[in-house]
Number of protein chains: 2
Amino acid sequence: MQTIQQSFKIEYNYSVFFTEYLFDHSNTLLADFFKKFSEEGFQRKALVVVDEGFAAHHPGLADQIRTYFAAAVPNIQLAADIIMVPGGEASKNDPELFNKLAQAVDTYGIDRHSFVIGIGGGAVLDLVGYAAAVSHRGIKLIRIPTTVLSQNDSGVGVKNGINFHGKKNFLGTFAPPVAVFNDLTFLRTLDDRDWRGGIAEAIKVSLIKDQAFFEWIEEKATALANRDEAAMSYLIHRCAEMHTDHIAGGDPFEFGSSRPLDFGHWAAHKLEYLTDFQVRHGEAVAIGIALDCVYSEKVGKLPESDLNRILDVLNKLGFELYHPKLAENDKINLRNGLQEFREHLGGRLTIMLLDKIGKGVEVHELDADIISQSVDYLESSKIIHTL
Amino acid sequence: MQTIQQSFKIEYNYSVFFTEYLFDHSNTLLADFFKKFSEEGFQRKALVVVDEGFAAHHPGLADQIRTYFAAAVPNIQLAADIIMVPGGEASKNDPELFNKLAQAVDTYGIDRHSFVIGIGGGAVLDLVGYAAAVSHRGIKLIRIPTTVLSQNDSGVGVKNGINFHGKKNFLGTFAPPVAVFNDLTFLRTLDDRDWRGGIAEAIKVSLIKDQAFFEWIEEKATALANRDEAAMSYLIHRCAEMHTDHIAGGDPFEFGSSRPLDFGHWAAHKLEYLTDFQVRHGEAVAIGIALDCVYSEKVGKLPESDLNRILDVLNKLGFELYHPKLAENDKINLRNGLQEFREHLGGRLTIMLLDKIGKGVEVHELDADIISQSVDYLESSKIIHTL
């Protein structure tokens with residue numbers, strides 16, 4: 001019998017909107033988005049899931065959402081309850097939260113033509129996205145990221161996931177959202193650590209792809225550190241644009257093993273674990289970037305002057321660039337992160353280093369001694385921040 | 001800030017191979033398939049998961065697989081253990097089996113460039129496919145279906161899933177395999193009910209799409225009932241071909257709400273539940289087809305002569321076309337299945353009926369009284385089978 005060859009393509013489209021005061025009655029952006037989902041004979045629904053940490057800073061949020069939908073989105077029926085989930089990495093460790101969301105999808109009759117709307121930081125969006133992606137084989141997901149990190153990076157991409165038996169993002173899918181709404185005003189209630197943390201991903205993408213963007217960050221470092229909203233608005237837009245361009249132009253569902261956007265991330269992931277997530281993701285990425293930049297200089301790729309500019313801008317933004325856990329156990333704990341990163345990627349180890357500011361270069365191995373020397377360099381040159 | 005428009009396509013390709021004695025040392029099909037995955041610096045692995053029901057009929061299977069890989073597939077490292085899972089719908093109800101498979105993926109270091117190989121009936125392949133799809137955001141899946149139903153229908157498609165709190169396929173994804181291997185000799189150990197059951201999906205697809213195929217089944221009904229392997233081989237190939245063509249030509253990940261391949265399935269799904277899966281999927285589909293054909297005739301679509309031919313061929317193959325649960329609670333239990341089917345599809349109810357043999361037609365509502373009359377018709381015309 002002749003072999004059957006199956007072949008098809010799936011097309012994905014979504015918009016990342018930038019706005020302020022998303023749920024204010026005068027803002028029609030969200031209502032306009034939903035208008036295209038008005039058809040005869042359909043009653044689409046929406047289940048809203050909110051990060052408790054964000055909700056605590058926005059006490060009237062649930063009422064505001066209900067009022068907005070009642071007034072401006074008559075064709076979408078909100079589920080009777082707005083679901084709250086704890087924020088931060090812990091939310092991805094608790095399988096009961098996943099079950100709670102899947103159960104809510106069932107309870108409120110959220111079908112494949114209805115919506116799940118996630119409002120929160122990256123961890124909550126990862127959890128909500130995963131629950132939406134696997135319920136009924138995929139419910140339409142709207143992401144409303146509330147942190148710099150999720151507005152410029154994870155929230156505009158195509159991944160979701162939860163942890164499993166302590167393994168970060170072990171369970172997850174590639175599942176593009178149907179829309180992302182970035183509200184600048186949601187960032188006002190962030191603490192300084194989270195405001196700063198998200199800038200690390202912008203530095204990352206500028207270093208591997210766009211010298212001009214890096215120079216803009218250099219120029220605006222003080223303004224960004226002082227919580228200038230106009231500067232942050234541009235930074236998020238440019239970073240999100242580069243992130244989405246990279247996804248569309250490359251390998252969106254990562255069938256290969258190259259992951260340039262993971263520059264600085266092998267050490268960052270490990271450091272998050274070694275510190276039990278006391279070091280937050282953006283903070284860990286800043287350290288990971290610093291480490292891989294020092295390494296890049298030590299192996300003769302990155303010019304020393306470039307390295308100094310990079311460390312300067314990270315310092316000026318207030319990032320710590322060293323943590324004692326990096327050196328623990330003669331740096332072996334850190335170096336184990338390389339093997340785990342390889343396993344997570346699958347196949348061959350691929351690590352992004354820098355040739356110069358704005359130009360990444362992939363390598364397939366890192367030297368253990370030079371990693372150790374790079375850690376020592378960061379320790380010896382550390383700046384004590386007072387923030 | 002300007003809206004960012006994201007847009008990309010993901011391409012999927014896979015082959016459905018037809019063979020006999022897949023793991024015999026003289027059969028190079030599987031070894032040839034794996035040859036294209038030999039690259040420098042990669043050590044790809046494979047985790048094999050087998051349906052216990054199938055393994056019970058093939059006592060030497062695990063050894064045969066190990067011997068085959070050791071001799072013919074040097075570039076793929078088999079996980080130390082071959083995992084066994086119970087077969088049948090029960091395997092999809094137990095969340096611990098999903099956890100067991102995810103844990104095995106972790107334990108044996110199966111990364112995204114390695115393989116999970118599922119060997120079994122449709123339920124086991126659904127479970128294994130789901131675990132593979134969400135571990136590391138998607139491990140390469142090879143399906144080796146061992147029943148008629150999985151070889152000609154579910155096993156060659158793009159879905160997976162498990163049940164959640166009693167809801168069939170509530171959790172799942174659309175995730176194409178990287179290859180499917182259909183081994184005719186694996187069907188020899190099927191009991192008569194499962195041999196017959198899979199034929200229902202072939203009848204279904206012939207009725208909505210291909211009169212010539214229906215006429216071939218009519219002609220071969222006695223041979224098929226008598227377990228003629230040559231006839232079954234052709235039936236599976238043609239059914240799988242139509243199934244894969246339909247997926248590629250239509251809406252593979254079902255973003256819309258039309259599901260023509262679910263002809264006869266709304267009642268079938270409900271009947272499976274009402275009988276606690278004592279009526280197997282193919283048997284339920286045969287009844288569901290009969291019911292929707294009678295309905296099609298009663299509403300003036302399907303000619304009576306066509307209806308009689310359809311019921312004749314189902315009878316000749318040995319299918320029961322009535323079950324007392326259809327009439328239970330004044331047929332209300334059955335009719336509730338319509339609403340559940342709508343919820344599962346999402347959005348508007350879409351049901352396939354027949355205009356004539358080989359030509360389906362979609363409708364958006366069914367009349368409760370005519371459903372009841374159709375059940376009565378099946379009861380009054382039932383044939384007592386002695387199989």
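Me: What makes α14(A) and α15(A) oblique to each other?

Reply: In this predicted model, helix α14 (residues 332-345) of chain A and helix α15 (residues 368-380) of chain A cross at roughly 130 degrees. Angles of 65 to 115 count as roughly perpendicular, and those over 145 as roughly antiparallel. The angle of roughly 130 degrees fits neither range, so the pair is oblique. The two axes come within 10 Å.

Me: Which hand does the crossing of α14(A) and α15(A) have?

Reply: α14(A) passes α15(A) in a right-handed crossing.

Me: Why is α11(A) called oblique to α12(A)?

Reply: Helix α11 (residues 265-274) and helix α12 (residues 281-298), both of chain A, pack at about 135 degrees. Roughly antiparallel needs an angle over 145, and roughly perpendicular ends at 115. That makes α11(A) oblique to α12(A). Their axes lie 7 Å apart. The crossing is right-handed.

Me: What makes α4(A) oblique to α5(A)?

Reply: Helix α4 (residues 95-107) of chain A meets helix α5 (residues 122-134) of chain A at an angle of about 50 degrees. Roughly parallel means under 35 degrees, while roughly perpendicular starts at 65. An angle of about 50 falls in between, so α4(A) is oblique to α5(A). Here the axes are 9 Å apart, and the crossing is right-handed.

Me: How do you know whether Asp330(A) is buried or exposed?

Reply: Its relative accessibility is 57%. Exposed means over 50%, so Asp330(A) counts as exposed. Asp330(A) is placed in the loop between α13 (304-317) and α14 of chain A.

Me: What is the phi of Asp330(A)?

Reply: Phi is near 55 degrees. That is a positive value in a residue other than glycine.

Me: Why does His165(B) count as exposed?

Reply: His165(B) has 56% relative accessibility. The cut-off is over 50%, so His165(B) is exposed. Its place is the loop between β7 (162-164) and β8 (167-171) of chain B. Phi of His165(B) is positive too, near 50 degrees.

Me: Why is Gln43(A) called partly exposed?

Reply: Gln43(A) has a relative accessibility of 41%. Buried is under 20% and exposed is over 50%, so a value of 41% counts as partly exposed. Gln43(A) sits in the loop between α1 (29-35) and β2 (44-51) of chain A.

Me: How many residues separate Gln43(A) and Gln77(A) in sequence, and what is their distance in space?

Reply: They are 34 residues apart in sequence. In space they are 7.3 Å apart, C-alpha to C-alpha.

Me: Why is α8(B) described as largely enclosed by the rest of the structure?

Reply: Helix α8 of chain B covers residues 199-209. Of its 11 residues, 10 are buried, so the helix is largely enclosed by the rest of the structure. A residue is buried at under 20% relative accessible area. Among those that pass are Ile199(B), Glu201(B), Lys204(B) and Leu207(B).

Me: How many cavities of 30 Å³ or more does the structure hold?

Reply: Five. The largest contains about 60 Å³ of space.

Me: What lines the largest cavity?

Reply: The lining includes Arg259(B), Phe263(B), Trp266(B), Met352(B) and Glu362(B). α11 (265-274) and β10 (351-356) of chain B each supply at least two residues.

Me: What classes of residue make up this lining?

Reply: Six residues are nonpolar, three are polar and three are charged. Arg, Asp and Glu count as charged. Arg259(B), Asp262(B) and Glu362(B) are in the lining, so they fall in the charged class.

Definitions and conventions:
Residues numbered from 1 in each chain as written. Chains lettered and ligands numbered in written order. Predicted model: local features only at pLDDT ≥ 70, side-chain atom pairs only at ≥ 80, totals over all residues. Heavy atoms only, no water. Buried < 20%, exposed > 50% of the residue type's maximum accessible area, 1.4 Å probe, protein only. Helix = DSSP H or I, 4+ residues; strand = E, 2+ residues; numbered from the N terminus. 1 Å grid on protein atoms, 1.4 Å probe; cavity = no way out; pocket = protein on both sides within 12 Å on 5 of 7 lines; lining within 4 Å. Points joined across faces, edges and corners; volume = space filled by probe spheres on them. Axes fitted to C-alpha atoms, helices over the stretch in contact; angles between N-to-C directions. Left-handed = near helix turned anticlockwise from the far one by under 90°.
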